[in-house]
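Work through the exercises below with the sequence and the model open side by side. Each task is followed by a solution in steps.

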Amino acid sequence: MLNFLESTAASGAGGMMSTIIMLVLMVAIFYFMLIRPESKRKKEAEQMRSAVKAGDEVTTIGGITGTVVHVKDDKFVLETGADQVRIEFQKWALSTNETAAAAAKEEAKKAQEEKAKAKAAKKMSK
């Protein structure tokens with residue numbers, strides 16, 4: 001009978017340990033799959049909104065596209081279409097900055113070309 005109680009106590013401690021390990025594992029998975037990427041997206045969006053300047057082609061969260069004419073602390077003025085209608089928006093309403101995205105894409109393309117050239121030059125020197 002004493003052996004039965006000892007084995008039950010040991011399996012209870014082992015069961016408790018495996019439960020704790022599973023909980024820690026679930027928290028780690030939630031952090032790396034949900035929380036971390038979301039905070040990274042928020043940081044990138046805030047950086048994009050703070051970097052908007054006059055002349056940028058942008059789209060708002062409502063789908064309005066146009067050119068930024070004037071930027072204030074927390075607002076920007078958008079000029080839409082050929083009729084030159086100007087609308088003032090809060091910066092949080094900015095969805096995408098096509099000018100900055102195109103510049104980043106071009107910069108990435110140049111960096112990739114430079115990397116390919118360096119790799120080809122290294123290959124030729126061997």
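**Exercise 1. A residue in the first strand**

Glu57 lies in strand S1, which covers residues 57-60. The coordinates come from a predicted model. Find how exposed Glu57 is and which residues it contacts beyond its neighbours within four places in sequence.

Solution.
- Step 1. The relative accessibility of Glu57 is 39%. Partly exposed covers the range between 20% and 50%, so Glu57 counts as partly exposed.
- Step 2. With neighbours within four places set aside, the contacts of Glu57 are Gly66, Thr67, Thr96, Asn97, Glu98 and Thr99.
- Step 3. For one of these residues, Thr67, the side chain makes a polar contact with the side chain of Glu57 at 2.6 Å.
- Step 4. Ala100 is 43 residues from Glu57 in sequence, and the two C-alpha atoms are 8.4 Å apart.

**Exercise 2. Place the strand in the fold**

State how many helices and strands the protein has, and in what pattern they follow one another along the sequence.

Solution.
- Step 1. The count is two helices and five strands.
- Step 2. Along the sequence the pattern reads α-β-β-β-β-β-α.
- Step 3. Among contacts with a separation of 6 or more, 33% join residues 24 or more positions apart.

**Exercise 3. Two threonines in strands**

Thr60 is found in strand S1, and Thr80 lies in strand S3, residues 75-80. Decide for each whether it is buried or exposed, then list the contacts outside the local sequence.

Solution.
- Step 1. Thr60 has a relative accessible area of 4% and is therefore buried.
- Step 2. Leaving out neighbours within four places, Thr60 touches Phe76, Leu78, Phe89, Ala93, Leu94 and Ser95.
- Step 3. Thr80 has 14% relative accessibility, so Thr80 also counts as buried.
- Step 4. With the sequence neighbours left out in the same way, Thr80 is in contact with Ile64, Thr65, Gly66, Val85 and Ile87.

**Exercise 4. Core and surface**

Which residues form the largest nonpolar core, and which form a nonpolar patch on the surface?

Solution.
- Step 1. The largest nonpolar core has nine residues: Met48, Val52, Val58, Val68, Phe76, Leu78, Phe89, Ala93 and Leu94.
- Step 2. Take Leu78 from that set. Beyond four places in sequence, its contacts include Val58, Val68 and Phe89, which are also core members. The contacts of Leu78 also include Thr60, Ile64 and Arg86.
- Step 3. Buried residues make up 15% of the 126 residues in the protein.
- Step 4. On the surface, a nonpolar patch is formed by Met22, Leu23, Leu25, Met26, Ile29, Phe30, Tyr31, Phe32, Met33, Leu34 and Ile35. Together these residues have about 1200 Å² of accessible area. One of them, Leu23, lies in helix H1, residues 2-50.
- Step 5. The protein as a whole exposes about 10200 Å², and carbon and sulfur atoms supply 63% of that area.

**Exercise 5. Salt bridges**

How many salt bridges does a search of the whole structure find? Describe three of them, with the exposure of each partner.

Solution.
- Step 1. The search finds four. Side chains of opposite charge can pair when their charged atoms come close.
- Step 2. Glu38 bridges to Arg41, with the closest N and O atoms 2.9 Å apart. Both are in helix H1, three residues apart, about one turn of the helix. Glu38 is partly exposed at 35%, and Arg41 is partly exposed at 49%.
- Step 3. Glu88 and Lys72 form a salt bridge with an N to O distance of 2.8 Å. Glu88 is in strand S4 and Lys72 in the loop between S2 and S3, so the pair ties together parts 16 residues apart in sequence. Glu88 counts as partly exposed at 42%, as does Lys72 at 40%.
- Step 4. Arg86 and Glu79 meet at 3.0 Å, N to O. Arg86 is exposed at 53%, whereas Glu79 is buried at 19%.

**Exercise 6. A backbone angle**

What is notable about the phi of Gln84, and where is Gln84 found?

Solution.
- Step 1. Most residues other than glycine have a negative phi.
- Step 2. Gln84 is not a glycine, yet its phi is positive, about 55°.
- Step 3. Gln84 is found in the loop between S3 and strand S4, the latter being residues 85-90.
- Step 4. The relative accessible area of Gln84 is 52%, so Gln84 is exposed.

Key:
Residues numbered from 1 in each chain as written. Predicted model: local features only at pLDDT ≥ 70, side-chain atom pairs only at ≥ 80, totals over all residues. Heavy atoms only, no water. Helix = DSSP H or I, 4+ residues; strand = E, 2+ residues; numbered from the N terminus. Buried < 20%, exposed > 50% of the residue type's maximum accessible area, 1.4 Å probe, protein only. Contact = heavy atoms within 4.5 Å. Areas by Shrake-Rupley, 256 points an atom, 1.4 Å probe, with all protein chains shown as cover. Patch = residues over 30% accessible without salt bridge, like charges linked within 9 Å, V, L, I, M, F, W, Y side chains within 5 Å. Salt bridge = Lys/Arg side-chain N within 4 Å of Asp/Glu carboxyl O. Polar contact = N/O pair within 3.5 Å; in protein donor to acceptor, adjacent residues only side chain to side chain. Core = buried A, V, L, I, M, F, W, Y, C linked by side-chain atoms within 4.5 Å.
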